[in-house]
Amino acid sequence: MGENGIDLSKVEAVLERYEKIESSLIPVLQEVQGLFGYLPEETLVAIGRGLRVSMSRIYGVVTFYSQFYLTPRGKHVIKSCQGTACHVRGGKGALDALCRHLKIEPGETTEDLNFTIETVACLGTCFLAPVFMVDEDYYGKLTPKRAVDALKKYRNEPHTEGA
Ligand code: FES
């Protein structure tokens, strides 16, 4: 176990299945993130050692690709659309209401690790604008209140039908 309770033997098990060359880096990072939900620093050190890749190269890759996360993500990921169709119909107001309600900024995760908020450029459902997703669920024609109300379902709070 690493200092943060990270079981590095799982990382070693992933590394064993790959050639010890730099081109293994991205698939290894993907698998390790799949195990922990993000890439704790100690896993990056183990990957660097295992593949003989420098830490600066690893950080370069991890920060270049938006699919990789260096900090824990929430149990539920909110994707707030800020594309043009959503923006002109008030998407920013809905996002601001969500951020105020959760007391975090876009890109951040709540302290209880329940929610992460991300912004995206288009969710492909412009006819529902403004729209956001929580995990795999779409919520459209948002007002700030409807956006905040939609989160109830993802908390351990009693859910009011029709809210
Ligand atoms: S711009 Fe928001 S869904 Fe397309």
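Visitor: What makes the way H2 passes H3 a right-handed crossing?

Guide: In this predicted model, H2 passes H3 in a right-handed crossing, and that word is used because the near helix is turned clockwise from the far one, where an anticlockwise turn would have been called left-handed.

Visitor: Why is H2 called roughly antiparallel to H3?

Guide: The axes of H2, residues 25-36, and H3 come within 11 Å and cross at roughly 150°. Angles over 145 degrees count as roughly antiparallel, and H2 is therefore roughly antiparallel to H3. The contact between them is made by Leu25, Val28, Leu29, Val32 and Phe36 of H2, together with Thr43, Ile47 and Leu51 of H3.

Visitor: How do you know how the residues of the contact of H2 with H3 divide into nonpolar, polar and charged?

Guide: Each residue is sorted by its type, with Leu, Val, Phe and Ile counting as nonpolar, and the result for this contact is seven nonpolar, one polar and no charged. The polar one is Thr43, because threonine is on neither the nonpolar nor the charged list.

Visitor: Which residues make the contact of H1 with H3, and at what angle do the two axes cross?

Guide: The axes of H1, residues 8-16, and H3, residues 41-51, come within 10 Å and cross at roughly 35°, and this crossing is right-handed. On the H1 side the contact is made by Leu8, Val11 and Leu15, and on the H3 side by Glu42, Thr43, Ala46, Ile47 and Gly50. These residues divide into five nonpolar, two polar and one charged; Glu42 is the charged one, because Glu is listed as charged, while Gly50 is among the polar ones, because Gly is counted there.

Visitor: Is aspartate 96 buried, exposed or partly exposed, and what makes it so?

Guide: Aspartate 96, which is found in helix H6, residues 91-102, has 14 other C-beta atoms within 10 Å. A residue needs 20 or more to be buried and 12 or fewer to be exposed, so aspartate 96, with its 14, is partly exposed. Its C-alpha atom is 10.0 Å from that of alanine 147, although the two residues are 51 apart in sequence.

Visitor: What share of the residues in the protein is buried, and how is the protein divided into domains?

Guide: Buried residues make up 21% of the 163 residues. The protein is divided into domain 1, residues 8-64, and domain 2, residues 76-154, and 31 Å separate the centres of these domains, taken over C-alpha atoms.

Methods
Residues numbered from 1 in each chain as written. Predicted model: local features only at pLDDT ≥ 70, side-chain atom pairs only at ≥ 80, totals over all residues. Axes fitted to C-alpha atoms, helices over the stretch in contact; angles between N-to-C directions. Helix = DSSP H or I, 4+ residues; strand = E, 2+ residues; numbered from the N terminus. Contact = placed C-beta atoms within 7 Å. Domains from an automatic or database assignment. Parallel < 35°, antiparallel > 145°, perpendicular 65-115°, else oblique.
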